[in-house]
Amino acid sequence: MNLLSNQNIAQANAKIKPNTQIQASTVGIVHLGFGAFHRAHQALITDTLMREIGGNWKIVGVNWGGIDVKSQLSPQDNLYTVGVGYNEDLTLHVVGSVDRIINSDESDEVLKYMHSSDVKVVSLTITEKGYCHNPANGHLNLEHPFIVHDLANLDKPKSAIGFLINAIQYRRNNNIAPFTPLTCDNLPENGHVLEQVVLDFAEAYDPELHTWIKANIKFPCTMVDRIVPRTTDDDVKKIEQVLGLVDHACVMTEPFLQWVIEDKFINERPAWDQTSISNIVFTDNVVPFEEMKLRLLNGTHSAIAYLGYLSGYQTVSETMNDDKFKTFVRYLMDTEISPSIHIEGIDLGAYKDSLIERYENAALQHRTWQIAMDGSQKIPQRWLETIQYGLDNNVQIKGLYLALAAWIKYASGIDEQGNDIDVQDPLKETFTDIWANNKESESLINAFLSIEQMFNKKIAANETFKSNLLSALNTLNEHGAKESVHQFVMNK
Ligand code: CS2
């Protein structure tokens, strides 16, 4: 079978393919963190924009380690396929909006683009830990090895923050209009998080630059949504069979897509809301959308991840096949999470129905293990804010404690059958130490709650919080995850 490339594109059996309008366009965006999510979301939307309306918005993608997406994409002329699947249905879209991929260690090459006036937007999907911040207080961790490195060697940055500061400074010094930094990560008020870490870095690096950034750069918040699991070998085979070409960089996703973007750009911006794709809007206030999505979707996703994994379920759709789990997830949404959501003009019931349908999508092999990654960076915004709201407003919370206790058990690195768990988390060593040094449930919980990057003082000192967590942990120890969820649903 031939490889997907410009030369072979005519043979590609896909519903959507690049047209000459895209092929003629030039670079306008640098994207930091070129993972599967970006390929099925912003890059696909930008592809649709250039195909349908035009504009010079080709993307230069920057990749940090992991899968060598540069070697996958360059022989394919940077073309790749997005498989949009729901159960048995599959539609293919070949995306042509990527100009090239650069690895982050080729920093001169990356900076060449970031310094260029052609680039108007620098967007980011670097995951929660890429912000090198302390999730409990939102400030930059000045001891993070990448940040220590970048403060001393800003000409060869390693962190996304270092790249941004370098380019912002270069453009200021050379009178080149600044780009808009556009974060697309799952963090509450993600624009403010990015602004804070950039300002913290600038303050430590050059106070004058700090003042200039404060006055001249704006950091829009965004809410992004599309479920895009890591591509499996099966996905590659399925897509190849339909496409009729080999594609090493394809991704599989769901039909649903949403993007809500705060409209405060300091340079030109793509008219992403003008394409035939619905559910993309520019607005004044993204916060209610972020809250809704982070707490309802990501919050229940993480609950499925830890409780599902410990119950022996490999994927989200497999977990949802267990009817009691499905009832549990809906209960979390309706009874524990929804009271903390304040959004107008959205039918929350319909939103939650659609979340359940999305989780049930058997076309996606979304592993519970994948979502369980980096819990220390995800849990504060996904669960703790909801729990704190419940504590302050007398909302009965029980299921989220079970989920939090499941995370503590997961973090031990040993499952209920005594097998190893491949825990991936920047705080993995801390978890291992805590488990090694605390045999009693109560001291275990006290030790976990003393992780300051995750639990702020207010919640860690709350006695109700502590005792509910302790009783959830005891339940899990006694019955195991699956039985605990089943009993929870019967007794609720
Ligand atoms: C998931 C998200 O891996 C995870 O933590 O919860 O990637 C989720 O699939 C997306 O946010 C959906 O928009």
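Two exercises with worked solutions follow, one on the ligand and one on a helix.

The model is predicted, so that local features need pLDDT of at least 70 and side-chain atom pairs count only at pLDDT 80 or more, while totals for chains, interfaces and linings use all residues. Residues are numbered from 1 along each chain as its sequence is written, and side-chain values use heavy atoms, with hydrogens and water left out.

**Exercise 1.** Find which residues surround the ligand, and state how much of the ligand the protein buries.

*Solution.* Begin with the shell, in which a residue counts if one of its heavy atoms lies within 4 Å of the ligand: the residues are Asn186, Asp225, Arg226, Ile227, Lys293, Asn298, His301, His366, Ile371, Lys378 and Arg382. Next, look for polar contacts (pairs of N or O atoms within 3.5 Å): a polar side-chain atom of Asp225 lies 2.6 Å from an oxygen atom of the ligand, and for the side chain of Lys293 the distance from an N or O atom to a ligand oxygen is 2.7 Å. Finally, turn to the area (Shrake-Rupley method, 1.4 Å probe): the ligand taken alone exposes 340 Å², of which the protein buries 88%.

**Exercise 2.** Check the span of helix α7 (residues 160–173), and decide how many of its residues are buried.

*Solution.* Helices are DSSP runs (H or I, at least four residues), numbered from the N terminus. At 1.5 Å a residue, the 14 residues of α7 should span 20 Å, which agrees with the 20 Å between its end C-alpha atoms. With buried meaning under 20% relative accessible area (1.4 Å probe, protein chains only), 12 of the 14 residues of α7 are buried, including Phe163 and Arg171.

Technical notes: A polar contact is a pair of N or O atoms within 3.5 Å; within protein, one must be able to donate a hydrogen and the other to accept it, and residues adjacent in sequence count only if both atoms are side-chain atoms. Helices (H or I, at least four residues) and strands (E, at least two) are DSSP runs, numbered from the N terminus. The expected span of a helix is 1.5 Å times one less than its number of residues. Buried means under 20% relative accessible area, exposed over 50%, partly exposed in between (1.4 Å probe, protein chains only).
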